[in-house]
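Work through the following exercises with the sequence and the model side by side, and try each task before reading its solution.

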Amino acid sequence: MSGRGNLLSLFNKKTDASVISYSSGDHAKDSGLDVDQSISSGDYYRLAREEIANEVSITFKNVNVSFGRGRAQLLQNFQTDGQQLGREISKDVNKKKESLKNCSQLYNILFDRVMKTLNYVRFDRKQYDPARPKIIPLGKLEVWPGYVIAVDEYEGGLMLCCDVSHRLLCQRTVLDMLIEIYQHNKNLYQEVAKKSLIGSIVITRYNNRTYRIDDISFDQNPLSTFDTRNGIISYLEYYQKHHHINIKDKKQPLLLSIKKTRGNDSIQTDDIRFCLIPELCYLTGLSDEIRADHKLMRDIVTFTRVSPNQRMLALNKFYENVSQSEDAQKILENWGLSLFKNFNNLIGRQMDPEQIYFATKSVSAGKNSEFSRDAMNNEMLQIIHLKSWIIIHFRNDLKAVKSLLDNMERCCKSFGMNMIKPKIFSLDQDRLDAYVDALRKNISIDTQIAVCICPNTRDDRYSAIKKICCSEVPVPSQVINARTLFNEAKNRSIVQKIILQMNCKMGGSLWTVKIPFKNVMVCGIDSYHDHNHKGNSVTALVASLNSSYTHWYSRAVVQTKREEIVSGLTSSFEAALKVYVKHNGKLPQSVIIYRDGIGDGQLNLCSQYEIPQFEAIFGNRVKITFIIVQKRINTRFFLVSINKLNVQTYNK
């Protein structure tokens, strides 16, 4: 088995520890450090002092002065004092050895410089090649191939974790999108434009830089002016002068991107504001519209989904590109580094496929864990019979309602579910408030589930229905698009899936697996932040309540600040334990907590602040196992067979 993120060995030629100091000669070509990059202040201070010492000494040593009066005598004094100052500073310079772990940030900065020599463009922490795009004509899109790389210290030493990555770019400009939005929504043009674009990432191809859209300035256009060192200039003139670009639409609004400046909390620093021209900006990433287009997504997947063998070929190509680039090799050699193509091999254990248990039968999940067909052909593990439920629909969708009920009567028998006909309420108008009023009036204490059949897909209507059924009048709900019920060929399979969903929402269970634990509660915790609209964050906790792990307690905590570690988890965990005791008559012997949403930089904070909260609730009466799950990682494990690699897992 090979893996560890396809780690390429990265060795220091001279020593196991890195020395954070150097002579000015070694640093002259390319240090791999920018002024605004953050390394530790102590290291930067030592580097700066040594450079100052060398520069002061050399500068005054090369100054030729004739003796005399006035300025000549003054320069001679500067020369003597300057050389003495250089010698004193040089004596005070210390060389300090740092461990490889502490130098990982420096090595990552160096590889950013290496990728820049290969003409790659950086998106967040990933690097992409704009010279080899894959074109998708159907959606006017292009896919940039690239890599995600990170240097860190592992058990085998200093290694480069490298994996294949892809970035999707739109060939249409943001101006084209604004024009399209205006044509469809003239009255709400500005509101819809901001809702569609704010939070998106755009790229400007004249410099291949990316920006996040934070706002749209409709009171500015390319004819607006701004201050420069040489005076006031308009955006139109600026792009003509510096980028040789003639802006065509002189009335288009400007996109605003705000970059937060890093500084001391006690010192207020002004944010950097970029004003961008929509005509020169292109959207990147997957939008909701693209995700909803299944045909387009299939075309995209043909480029972005690579097999293990294709992945290895791409990594070999990366190694060749770095090895054959003189500039890249010089950056590494200046710091005593070299790159070796040495993938990390591990010995692992391959687990047998799980058995899936239904009410009367068990089946193997198989290598791909695909058993959806078995779920629709077997009796459910725990059935909730439909006795009291309602259907709300628009009057034009009566055919869809009849199709749903006819198919449910036939399918419920095979599942072992009894169904009584529901109360049906027809709406004269397809309006959001009509659905809301109907739910408020017709949901009673005995209602098991509310089914809403809508003529089309609308996010605002769906959100309003879920808000009523989750907050105001708590009841399970099922929203169905009427169009899906008009397909006679697929109606049966669609209705089967709807029945399975409804059974789960009402408290039933479809299947289970054998878990050897006894009296153990399993919890899951995650945090959600809305990056597009910075505001409240939500932390959710779920906890198992029975031995088959099919019944769960859930609770969400809304946070006012954007943070991962929250004290509200304590109250959620206490509430989950009380419900567990109510169901089982005793506390669990142990609790296993899976914690998602924690980055590497927050591990110490989590162990010092969050875990003690759980331990303090019941002391030594309940054993707690705390497992941090990280999904967004670049580690890839492959099972090695004859001339072939197979994907095994992605998470750690």
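**Exercise 1.** Determine how strand E15 pairs with E16 and place the pair within its sheet.

*Solution.* Strand E15, residues 254-259, pairs with E16 in the antiparallel sense over 5 bridges, where pairing requires that DSSP finds at least two bridges between two strands. Within this pair, leucine 255 stands opposite leucine 276 of E16. The open sheet is built from 3 strands in the order E12-E15-E16, with antiparallel pairing, and its edge strands, E12 (215-217) and E16 (272-276), each pair on one side only.

The model is predicted, so local features need pLDDT of at least 70 and side-chain atom pairs count only at pLDDT 80 or more, whereas totals for chains, interfaces and linings use all residues. Residues are numbered from 1 along each chain as its sequence is written, and side-chain values use heavy atoms, with hydrogens and water left out.

**Exercise 2.** Which residues of H10 are buried, and how are they arranged about the axis of H10?

*Solution.* Taking buried as under 20% relative accessible area and exposed as over 50% (1.4 Å probe, protein chains only), the buried residues of H10 are Pro308, Arg311, Met312, Leu315, Phe318 and Val322. Viewed down the axis of H10, they fall within an arc of 110° (taken from the directions from the helix axis to the C-beta atoms), so they line one face of the helix. On the other side of H10, Leu313 and Gln324 are exposed.

**Exercise 3.** Identify the residues through which H10 meets H11.

*Solution.* With contact meaning heavy atoms within 4.5 Å, Val322, Ser323 and Gln324 of H10 meet Glu326, Ala328, Gln329 and Leu332 of H11.

Technical notes. Helix = DSSP H or I, 4+ residues; strand = E, 2+ residues; numbered from the N terminus.
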